[in-house]
There are 4 protein chains.
Amino acid sequence: MINFCQFGAGRIGQIHAANIAANRRASLRYVVDVHEAAAKRLADEYGGTTADVGAALADPEVDAVLIASSTDTHADLMERSAKAGKAIYCEKPIDLDMQRVKTCLEVVDAAGVPLMLGFNRRFDPSFLALKAGVRAGRVGSVEMVQIVSRDPGPPPIEYIKVSGGLFRDMMIHDFDIARWLLDEEPVEVYANACCLVDSKIGDAGDVDTAAVTLRTASGKLCQISNSRRAVYGYDQRIEVFGSAGMLQAENLRPTSVVHSGAEGIHSDPPYNFFLERYPQAYKAELDHFIDCLETKTAPSPTGNDGAAALALAEAAVRSYAERRAVEVEV
Amino acid sequence: MINFCQFGAGRIGQIHAANIAANRRASLRYVVDVHEAAAKRLADEYGGTTADVGAALADPEVDAVLIASSTDTHADLMERSAKAGKAIYCEKPIDLDMQRVKTCLEVVDAAGVPLMLGFNRRFDPSFLALKAGVRAGRVGSVEMVQIVSRDPGPPPIEYIKVSGGLFRDMMIHDFDIARWLLDEEPVEVYANACCLVDSKIGDAGDVDTAAVTLRTASGKLCQISNSRRAVYGYDQRIEVFGSAGMLQAENLRPTSVVHSGAEGIHSDPPYNFFLERYPQAYKAELDHFIDCLETKTAPSPTGNDGAAALALAEAAVRSYAERRAVEVEV
Amino acid sequence: MINFCQFGAGRIGQIHAANIAANRRASLRYVVDVHEAAAKRLADEYGGTTADVGAALADPEVDAVLIASSTDTHADLMERSAKAGKAIYCEKPIDLDMQRVKTCLEVVDAAGVPLMLGFNRRFDPSFLALKAGVRAGRVGSVEMVQIVSRDPGPPPIEYIKVSGGLFRDMMIHDFDIARWLLDEEPVEVYANACCLVDSKIGDAGDVDTAAVTLRTASGKLCQISNSRRAVYGYDQRIEVFGSAGMLQAENLRPTSVVHSGAEGIHSDPPYNFFLERYPQAYKAELDHFIDCLETKTAPSPTGNDGAAALALAEAAVRSYAERRAVEVEV
Amino acid sequence: MINFCQFGAGRIGQIHAANIAANRRASLRYVVDVHEAAAKRLADEYGGTTADVGAALADPEVDAVLIASSTDTHADLMERSAKAGKAIYCEKPIDLDMQRVKTCLEVVDAAGVPLMLGFNRRFDPSFLALKAGVRAGRVGSVEMVQIVSRDPGPPPIEYIKVSGGLFRDMMIHDFDIARWLLDEEPVEVYANACCLVDSKIGDAGDVDTAAVTLRTASGKLCQISNSRRAVYGYDQRIEVFGSAGMLQAENLRPTSVVHSGAEGIHSDPPYNFFLERYPQAYKAELDHFIDCLETKTAPSPTGNDGAAALALAEAAVRSYAERRAVEVEV
């Protein structure tokens, strides 16, 4: 039984708390949030009590922390938790600043505690099957990866302003998936982007539509496209092409119902957003984390995976600014 | 909080016990099974203790029973539970003999306890969406229903022998779905069938492949086909055709992954069997039962739904014996 | 080069004349129709001249006749053409009366001329691939065939009145397909039907919605369903299920375009009707007929195929009248 | 009736000659090819006689030329045909050198003869429907276009060497489609590419795998990916995403047959290559050309479309060499 202290009681925190409560190998001991009321609601529903950071980390019964608070708190909480000897599950990103990420990872490393980064998509059953197919050689040698990733609608402008921008906040998931599927580090990044969805996003200095190309040392290519708004819902497609064929993970939809009428053939749109699209992935990544703690093996994705995805985002930011392909700085 | 006593600790009992345990509004108090060890395993995992029927039903804390034991015990357990004032959730069928079903339902009726029949498919999200579409008029007036229902492989011959035969054991689900979607009682049944899958099934006096036609008073038609063996897995498709179009519920598969190779385009087979195909349905029917108990409304499907589906099965048996369409005897 | 005399300048005649004209191995010499103007239009467009039956058949340059006139003229034209020594391609059916079919086939047989029946669906590329897959053992031993066949809308009542009824006029195509795919003669037929689309069809003594079950001697089953009206277009689906799997031929649509919008995923309806759905089949059956004439091999489907499909239709009519399964009378 | 002189009797010439012969409004007068035997074969099959360029262009009966000879002859033949007053249909590209293209177009322009460029994909029924949907506003404002274009296998190295390279030879089709669907000129191009399929292609100074990003002045983005080898056949997919949704044109396959077996669900691969995939497009573009000649309207795609697509290819070549986004030089 792994006892958890969870930091953060917002939307994603809700998911994690419910998964901890439903997991027969886990127990929720503390919920910590600056919004005390939110923390209390979560604790009342899923177990445990509220506490402040210090008290929670001081409790020797706590085995692990799950960091689902706002991005700017991640690195500090990771360091404090590491020093307290707790295993760490942290939502992406570690931090928006690469230097801060590095110092944080050094602290965690020095403490020798397990760390897992919450790149949930790696645990989606379809993407897992895609990866297994690639590993089994069903596409032969990977040559080209295509990732389409579109949200149903943009987040509030207030969030955009502190998000670190589309490349660090949204495309970082795709950078992680690209690294995972290419199975070779991208060394060159080209990014183009614009603001087509909402001019307020542009006013805030961000983009909402982006197209990125990655290239590995051996010449494998990857194209990623993002939009902050797809009227038909959450668009999450991956395609891996290689010397022996292609594997595609298509969108999923809530039912298999198809209607045929005078206007044509019609089916439901895909799942609306990540809460509906990735519930199994959130459960599976928690299971993996617990597995690793129980068997004392290293969880994955690692802190370095978090840093590497951020490095690609940083490169994309530079590339877009300089209108040229840039090398990834590790 | 509804306290359950569950009868039966077999395969389907396992599902129900897990769902009771995971349901925040339910609690498992007793697991009763002639196989004491199986009952104990379930109780240990999902809560409660083992008991004999009398002791469990005598406990005033028990609000409801969930009957998932072997078919020949259903009617007796329903009657005893009804007399003990417990709400009843019973797996299909009530009994293989219509007369026994009727006397049992009279007893339950006299006791005035809620009764719900476990026709799980009515709670599958895709079939629910299909039904909602029909109700919303998306196919206009229903004219023809097509149901294809095939198991991945036949059950053991020992089970076949006590099953009541394909029409009562397997197609009864499709009879229920047909009644539900036609929204008008079938009055005429024609059945043809044969033994093509395994001659041992024929030796046991049963069939393994069947084609049935239903007709309602107003002339709506329904075609059902069953096979005890589909090498590609659990085949569960429904199509409702009417004056304004068609709604189809297609098979579901575990992932959305598609492979394109030199031999063509390939995707996973459908879910293998009911445990994988209908987990959401089992959860949803338990939720519905609890909703009804909490709000003191009548659950559905009812005991009469169980009797009506059995009446169609009986008619199919007669039709097949007599090589003619027969009227349904209510 | 095969010189054709075509009887009939209506809708289906238009297709055949165009295909003869476009076929490099065929030439259209005569178009014969009681509507002289229609015959002239066709001849002007696709070659040849108009003539009466006697003159056309007397021309020794004519190698073959293509009979696409109204059903009641088929048998007479076949007999006259046979006696004139012409190879015969005849649209289905030979006649609506089985006795007349038999005497006609005897005449043709006695004359020793090649005869091909126009069951065009056998030449559709998808159905050909389905058949090839069955033959190659991809479904193992065939156990169950499902055929759904729906027209976009009913023909004029005047046509209905002389059509011979749904079973002889419309379902005859499905009977032929069933025989072709079962690869064993159905020996038992059960038909249920009703009038749900247009009460005028019922007033004319016909049905517009039908469900039929066929059974072969070895116990293979086939379910056919027909409707005279599907608002989404021409619905032509076939499914062959067997011990080693299933082959399905789905509907085809004009383009591969898919739209994703706020209301869901949308694609074009299937082709509207047979002219759009089966152009390749009409071309391919003409090619097959010419191949057979050139190589002096027997074309298929044969006259006996026409008689056998009609026998199934006759059995369906009797079954529906008597509410029981009937044996096919050969 | 438009009388054609066709230059080129190779693979693509074969298609055009057959289409001219089958077109009721066209007639093939001359086939001109340096391979006299090939020209004769085509003329024997589809009409007309062989001739040399001068004689054919001198014939006042010739209304139009169809240029399907090798790329290096296109510009000269266009100029000579223009000076002879013939309407010109020319296979892409006009020339591999932009300066030569410009002088050629000036000559044609001065002669005032109609000119149509053979970007056949614009006439594919699915792509036409996609374009019509975009024009009808079904995706709202276009924001992102994705084009995947892969050949089944690379051409001979000898062809590669004179092809002008992947960007000018293969991706030029995608550049044209991108311009057509974006409905706004791309102003910025980024190209990355490599040689992964066959090292001989790299030895010849070319690439076989490429990823390109286009950007228009208003910020619309387009991602194109090419490979010279897809083991599953000809991969031709287009996706247009915008403010109100998405339109996709998927691959087409020869039949609608689907097999379900123990290993999963299987369907045919897409059409193997352009001859099988685009027969309707080749017919339709010839029809459009003839329509324009008959109605004296300007055909499209124009010579400028040819030049603009080449300009994108040139920009891609420069971008790839310079590892940066470059502006398109018009």
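These are my notebook entries on a predicted model, covering a sheet, a pair of chains, two domains and one strand.

**Entry 1: the sheet of chain B**

I began with the strand order in chain B. The sheet is open and has six strands, which I read as E3-E2-E1-E4-E5-E6, with parallel pairing. I then looked for its edges. Strand E3 (49-50) and strand E6 (115-118) of chain B are the edge strands, each of them paired on one side only.

At the E3 edge I checked the join to the neighbour. Strand E2 (residues 26-32) of chain B runs parallel to E3(B), and two bridges connect them. For B:Tyr30, I found the bridge partner in E3(B) to be B:Thr49.

Next I looked at what lies on the sheet. Helix H4 (residues 71-83) of chain B crosses strand E1 (2-7), strand E4 (64-67) and strand E5 (87-91) of chain B. Relative to E5(B), helix H4 of chain B runs at about 170°.

**Entry 2: chains B and C**

I looked up how chain B maps onto chain C. A rotation of 180°, with 0.0 Å of shift along its axis, superposes chain B on chain C with an RMSD of 0.1 Å. I therefore noted the relation as that of a two-fold axis. Which C-alpha of chain B is nearest the axis? It is that of B:Arg324, at 1.9 Å from the axis. I also compared the contact residues: 100% of those of chain B recur in chain C, so the same surface serves both copies.

**Entry 3: the domains of chain A**

I took chain A as divided into domain 1 (2-113) and domain 2 (122-281 + 308-327). Taken over C-alpha atoms, the centres of domain 1 and domain 2 of chain A are separated by 27 Å. Between them I found six residues of domain 1 of chain A in contact with seven residues of domain 2 of chain A. On the side of domain 1 of chain A that touches domain 2 of chain A, I listed five nonpolar residues, one charged and no polar.

**Entry 4: strand E5 of chain D**

I went through strand E5 (residues 87-91) of chain D for burial. The strand is mostly covered, with five of its five residues buried. Which residues point which way from E5(D)? I have D:Ala87, D:Tyr89 and D:Glu91 pointing one way, and D:Ile88 and D:Cys90 the other way. Both sets are buried, D:Glu91 included.

Last, I checked the pairing of E5(D). Strand E4 (residues 64-67) of chain D pairs with E5(D) in the parallel sense, over four bridges. Opposite D:Ala87 in E5(D) I found D:Ala64.

How values were computed. Residues numbered from 1 in each chain as written. Chains lettered and ligands numbered in written order. Predicted model: local features only at pLDDT ≥ 70, side-chain atom pairs only at ≥ 80, totals over all residues. Pairing = 2+ DSSP bridges. Contact = placed C-beta atoms within 7 Å. Axes fitted to C-alpha atoms, helices over the stretch in contact; angles between N-to-C directions. Least-squares fit on C-alpha atoms with pLDDT ≥ 70 in both. Domains from an automatic or database assignment. Nonpolar A, V, L, I, M, F, W, Y, C, P; charged D, E, K, R; others polar. Buried ≥ 20, exposed ≤ 12 C-beta atoms within 10 Å, placed from the backbone.
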